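The following exercises ask the reader to work through one protein chain, each with a solution in steps. Please inspect the sequence and the model before reading on.

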Amino acid sequence: MLSGDSNRFVPIVSIYFKLYFASCIIFQCVLLYLIFTKSPSVLSNLKFFLINTSFIQVLHACSVFFSQERIIPNTSSTAILHDGPCRIFGPNICFASHHFVLAFALGSGLAVASTVIFRHRTLRMGNFNGKRVVFIISSVYVPVVIMIILPFTVPWDFETVRLATYKDHPTYNFTIYEPIGGFASNDTFQFIFNTGLVAMSSYVIPVVTGILTKRTLKMINKNSVVSSKTKQQSKTLTYGLALQNILPAFSYVPPATAWIISQFGEVEVLWNEHLLIIFISFPPLLDPLLTFYFVVPFRHAIYNFMTFKKTAQDTVTTSNQSGKWFGPVQKNTVVQTF
């Protein structure tokens with residue numbers, strides 16, 4: 001007899017995704033409002049990176065909610081079960097949504113990393129022109145598009161996945177997930193490339209951005225022209241970006257490690273089948289909260305709103321070096337703080 005215990009986490013996970021999606025949309029909308037209305041002029045170029053990060057994280061959150069995956073490893077295949085709105089459109093759309101989830105998860109990490117790179121290069125080289133800004137932002141979408149297109153280059157054999165899933169998990173009740181989709185083989189280049197790219201980014205992005213963050217902080221400390229308050233607030237933003245770049249490692253490594261253990265150890269880890277997608281969903285939910293706190297004007301705006309306090313806006317001016325987040329400062333330049 002099939003055991004209903006295999007689905008005991010489904011109701012809890014379903015509630016999580018509803019609360020998750022509503023929270024993400026609210027947080028991201030508030031963030032975009034703050035970017036457009038509370039960003040000081042000194043953030044003129046940087047705010048495009050913040051907008052880009054918010055945009056791709058909205059897509060990330062939407063794809064996660066649309067899919068609501070449960071990933072089950074088989075001996076030689078991987079079943080992708082869905083409980084989200086994609087089920088209305090059939091297994092092909094659901095399986096396609098899985099690739100969008102992975103692609104936007106990678107894009108979320110790369111978007112924040114591109115912001116760190118921009119901050120570091122601005123402090124080191126001075127102002128960036130519009131073409132460089134567009135190039136850095138658009139480069140984020142190259143691996144995203146590749147990850148979306150690549151799985152469509154091979155045939156999808158869902159019947160093989162279905163038979164293998166029932167065979168390898170005879171005590172599971174899969175009736176609520178029918179029809180079942182997934183990867184018929186874990187040995188294909190497309191599967192290995194996409195899965196490996198997400199896993200690798202979980203390690204590479206935090207390491208690279210960690211190095212750049214350390215160098216950025218050194219450059220901030222060495223700047224003898226700006227005030228100590230400006231230095232502190234610029235360092236605060238840098239710390240926030242660093243924490244955002246740690247999120248991919250925190251979000252992707254633990255469940256991926258458990259998945260590898262269950263895949264090659266041939267053991268069933270029921271909770272990890274759900275946690276894979278839950279952990280991957282964290283960046284769009286947590287990144288806005290970090291931005292609210294570590295971008296000082298945003299923090300002040302939220303505090304004033306919550307306490308019904310009306311104060312004069314933090315003053316920010318900059319020299320004729322438009323678009324810098326306190327880059328190299330010329331003599332007789334006035335840099336106001338925020």
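**Exercise 1. State the burial of Phe279 and Phe282, then describe their ring pair.**

Step 1. Both Phe279 and Phe282 are buried, where buried means under 20% relative accessible area, exposed means over 50%, and partly exposed lies in between (1.4 Å probe, protein chains only). The model is a predicted one, in which local features need pLDDT of at least 70 and side-chain atom pairs count only at pLDDT 80 or more, while totals for chains, interfaces and linings use all residues. Residues are numbered from 1 along each chain as its sequence is written, and side-chain values use heavy atoms, with hydrogens and water left out.

Step 2. A pair of aromatic rings is described by the distance of the centres and the angle of the planes. Rings of Phe, Tyr and Trp (its six-membered ring) pair if their centres lie within 6.5 Å; planes under 30 degrees apart count as stacked, over 60 as edge-to-face and the rest as tilted.

Step 3. In all, the structure contains 17 aromatic pairs. One of them joins Phe189 and Phe193, a tilted pair with 5.5 Å centre to centre and 35° between the planes. These two residues are four apart in helix α7, so about one helical turn separates them. Phe189 is exposed at 54% relative accessibility, whereas Phe193 is partly exposed at 31%. For Phe279 and Phe282, the ring centres are 5.3 Å apart and the planes stand at 45°, so this pair is tilted.

Step 4. Ring pairs also connect Phe95, Phe152, Trp156, Phe158, Phe183 and Phe191 into a cluster.

**Exercise 2. Give the number of helices and strands in the chain, and their order.**

Step 1. Helices (H or I, at least four residues) and strands (E, at least two) are DSSP runs, numbered from the N terminus. The chain has 11 helices and three strands.

Step 2. Read from the N terminus on, the order is α-α-β-β-α-α-α-α-β-α-α-α-α-α.

Step 3. Of the 338 residues in the chain, 52% are buried.

**Exercise 3. Identify the residues joined by salt bridges and place them in the chain.**

Step 1. Side chains of opposite charge can pair when their charged atoms come close. The criterion for a salt bridge is a side-chain nitrogen of Lys or Arg within 4 Å of a carboxyl oxygen of Asp or Glu. A search of the whole structure yields two salt bridges.

Step 2. One salt bridge is between Arg70 and Glu273, with the closest N and O atoms 2.9 Å apart. This pair links distant parts of the chain, since Arg70 is in strand β1 and Glu273 in helix α9 (residues 270–280), 203 residues apart. Arg70 is buried at 1% relative accessible area, and Glu273 is buried at 3%.

Step 3. Another salt bridge joins the side chains of Glu178 and Arg162 (3.0 Å, N to O). It links Glu178, in the loop between α6 and β3, with Arg162 in helix α6, 16 residues apart. Glu178 is partly exposed at 23%, as Arg162 is at 28%.

**Exercise 4. Characterise the backbone at Pro179 and at Gln68.**

Step 1. Most residues other than glycine have a negative phi, and most peptide bonds are trans.

Step 2. Glu178 and Pro179 are joined by a cis peptide bond, with omega about -5°. Pro179 lies in the loop between α6 (158–168) and β3 (181–183) and is exposed, at 52% relative accessibility. Its C-alpha is 8.1 Å from that of Arg162, while the two residues are 17 apart in sequence.

Step 3. Gln68 has a positive phi, near 50°. This residue lies in the loop between α2 (46–67) and β1 (69–73) and is buried, with a relative accessible area of 6%.

**Exercise 5. Determine which residues form the nonpolar surface patch, and which elements give two or more of them.**

Step 1. Patches are made of residues with over 30% relative accessible area and no salt bridge; like charges are joined within 9 Å, and nonpolar side chains (Val, Leu, Ile, Met, Phe, Trp, Tyr) within 5 Å. Accessible areas come from the Shrake-Rupley method with a 1.4 Å probe, and for residues only the protein chains shown count as cover.

Step 2. The nonpolar patch consists of Val142, Ile146, Phe189 and Phe193, with about 360 Å² of accessible area together. Helices α5 (141–149) and α7 are the elements that give two or more residues to the patch.
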